[in-house]
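User: Please take a close look at one part of this protein, and describe its surroundings as well. I should like the account to proceed step by step, with each term explained.

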Amino acid sequence: MSFTGVKQPEFDSLVSRHSTAAQQLEGLAAALYGELTAAGLDTGPALRIRDMAKEVGAEVEDLRRRQRLIRDMERLKVTFGTHTPAGTMVPVPDSRAAAEGLLNGTLAANAAVAAGRGDTTALAQLRGFAGKASDPEFVKAFLSKLGAKGITELPASLALQMRANVMMRTAKGDQVSQQVKEGMKLLATALAKGTDPKDPAFLGEAFLSQLVKEGRAEHKANEVAYVGYQAQALIWRASDGKPPFSKRFMEVVGRDAIVHQKELSDAGPPYANAMDLATVLGLSDSMQPGGPNMGEPGKPIKASVIDDLSQAARHTPEAAQALLFHTPQGWNKSIMEYLLTDRLDGFNHTKNYAPFAGLLQTALSGKDKESLKFTNDALVILKKELDGVFAAGDDGKLTIADQKKLDRLSFLDGPMGTVMAAHIDEIFGVFDDQKPTLKNINQVEMDRVLTFVGRNEGSVKALVGAESQRMFKAIQDSYRRDNGANMRELLIPEARFMGHLLEPRRLVLMAQAKTDEQARAEMKGLINDTLSELTGPAGKLAARFGFWGDKAHEKLTPMAFDKLSAVLAERLVKEGLTKDSALQQANDDREMTLWMVRQMILSTKIAHGGWSSSALKDLEGKPFATAGHPPALKTLDEIVADPATYDGFIDWARWHTKIESKTQDIRVDMDNSAGVDVHANLGIDRNY
């Protein structure tokens, strides 16, 4: 073990000798200065000795300060020293605040150990240290005092204390349960900080190695035998990501935990040591973490070691990717591929899907090359797993040919749909680009995947929302290039792609015994909800392009053009959701989508300007025009100030934007891609 500190009583002797030396040097400097002056010689040597005396004197003050801190530690009867045959080595903090951190960390560790032995008073005391976990000195002292072995065994001891009290079903038992959960949260916070190289509380690589050693070791508490990772998992599941577990923790401990779980599974029954200790002891519900709920609503929680590890790794892309984007030595597949194939049955065994779903979504949703590469891998895995799931029934309609296979994969439809929305440009490329970015997945296979994620309403909303952003950008690009002259060429491939996103959802609804009328109604509701989300308080249009500033009426720069387009589109869509009869009377989701595109075109045209001579001529006498000859548009803030003026302006703008002619082919293209391409790719009848 390596540490920095002092050895007593030698340290006291050192302080005394330094003090004496400083006094002697000062005396020597004074005497020498007098002799040299009297002899008329250079006094430089005496001055150099005086400077040396000052340096030693400063060191003496620092040593005395540290000596006082040690005395405070001794007075409070808290021992930090490491006993060796040569004496006791005592780490010395640099400040009183640091000393307090060390004191509190040691007291907390002592309380934790006592609580593990059944001391309920100590358990209550441990609760009082929760607010200290942000102090790196506290964390280092707390974790060092417990050690990797103590940290591994403490959750088991606390869980057994909880079980004994839960069985009593009393107020006392409820209090103990709450205190144990808070103790586990303290452990999670401390362990996350103490294993993060970027945190001042980091305890070093040796500590991580010790956690691995104890995680693989067999332990016992009150005749209950368990593997260390089963107990450490209770700390992981208590994490709420504040602070998150680090990339380095996942590289060392996280990866090894998964490798170890696979080794145990390969050697014996698949779930022999897969469950965490709370599940083994029947305490999962009582030890429910403060973060996202685990398990199925209304049913007892079951959690595996890998479920809990996923809970800890899901909070940052760095940690999530460090865990999933790695191929262990001797493996022929990455950890992500292992979890998506060989380990799928484990997730279905616990039905504790949320942690891994969140982990997958966090790891794959980034724009970096690694995220895209592994997203590609995940889609290829999924399309293979989906082989044979969907087929044409005797009536030519979509049917579920392999329900068992679908059920095994079903929990992935939400996270994978969200991941696909994050990579909407690459998904679009499969259907349009000559050289798509995504490899080893063609249009037929992608439509099968879109049908799978189409089972999840949230996924479809995310995909349609992301594609709406693509359409909006295409419209803005068109006006930048040539005032909208190339609008049709840009929007047709987007419209076709939108058909590939919308139609699978309708087909899935009908495969679930919905009537055509019911499916249409649900699809209209989905588009309505998506439009609301795009323009809500945290809407994606506002988030991406910003809010309407005080200078909207000034000359538009390209950035302001985007911002103003977004603000106008947001207003038009919001108004349409409440009073636009064209939207409310739309027959289906495609017509509603077309309505949205028209609002985007209108808002972008208004922001861009460049009105035709006939449009400018038509301004004569309009309340939103100036009185000059020729007239011009008033500033936008003047126009929107009066509702009647604004409504008249929008009607004028619609007429002169020629929206109908710009979008006449879009509905046809959406219909063709949906009713022809999607149906053909899925091998089903076109006529429904």
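Analyst: A residue is called buried under 20% relative accessible area, exposed over 50%, and partly exposed in between, with a 1.4 Å probe and protein chains only. The model is predicted, so local features need pLDDT of at least 70 and side-chain atom pairs pLDDT 80 or more, while totals for chains, interfaces and linings use all residues. Residues are numbered from 1 along each chain as its sequence is written, and side-chain values use heavy atoms, with hydrogens and water left out.

The whole protein provides the setting. Of its 688 residues, 53% count as buried. It has 32 helices and seven strands, which are DSSP runs (helices H or I, at least four residues; strands E, at least two) numbered from the N terminus. Among contacts (heavy atoms within 4.5 Å) between residues at least 6 apart in sequence, 72% join residues at least 24 apart.

The close look centres on helix α15, which spans residues 354-364 and contains Ala363. Is Ala363 buried or exposed? Ala363 counts as buried, because its relative accessibility is 0%. Leaving aside residues up to four places away in sequence, Ala363 touches Ala320, Gln321, Leu324, Phe325 and Ser371. Arg314 stands 49 residues from Ala363 in sequence, yet the C-alpha atoms of the two are 7.7 Å apart in space.

The loop that leads from α14 (344-350) to α15 holds Lys351. The phi angle of Lys351 is positive, about 55 degrees, although this residue is not a glycine. With a relative accessible area of 34%, Lys351 is partly exposed.

The loop between β4 (218-221) and β5 (224-227) offers a further example in Glu223. Glu223, a residue other than glycine, has a positive phi near 70 degrees. Glu223 counts as exposed because its relative accessible area is 68%.

Two other loops carry cis peptide bonds. The bond from Lys242 to Pro243 is cis, with omega near 5 degrees, and Pro243 lies in the loop between α8 (228-237) and α9 (247-267). The bond from His629 to Pro630 is also cis, with omega near -5 degrees; Pro630 belongs to the loop between α28 (613-617) and α29 (636-641).

Helix α4 shows how burial can be arranged around a helix. In α4 (residues 120-127), the buried residues are Ala122, Leu123 and Leu126. They fall within an arc of 105 degrees when α4 is seen down its axis, so they line one face of the helix. The arc is that of the directions from the helix axis to the C-beta atoms.

Finally, the interior contains empty spaces. A cavity is a set of points, on a 1 Å grid over the protein atoms alone, where a 1.4 Å probe fits but cannot get out; lining residues have an atom within 4 Å of a point. The structure holds four cavities of 30 Å³ or more, and the largest has a volume of about 50 Å³. Grid points are joined across faces, edges and corners, and a volume is the space filled by probe spheres set on the points. The lining of the largest cavity consists of Leu340, Leu344, Ala378, Ile381, Leu382, Glu385, Leu409, Leu412 and Met416. Helix α16 (residues 369-385) supplies the largest share of this lining, with four residues.

Key. 1 Å grid on protein atoms, 1.4 Å probe; cavity = no way out; pocket = protein on both sides within 12 Å on 5 of 7 lines; lining within 4 Å.
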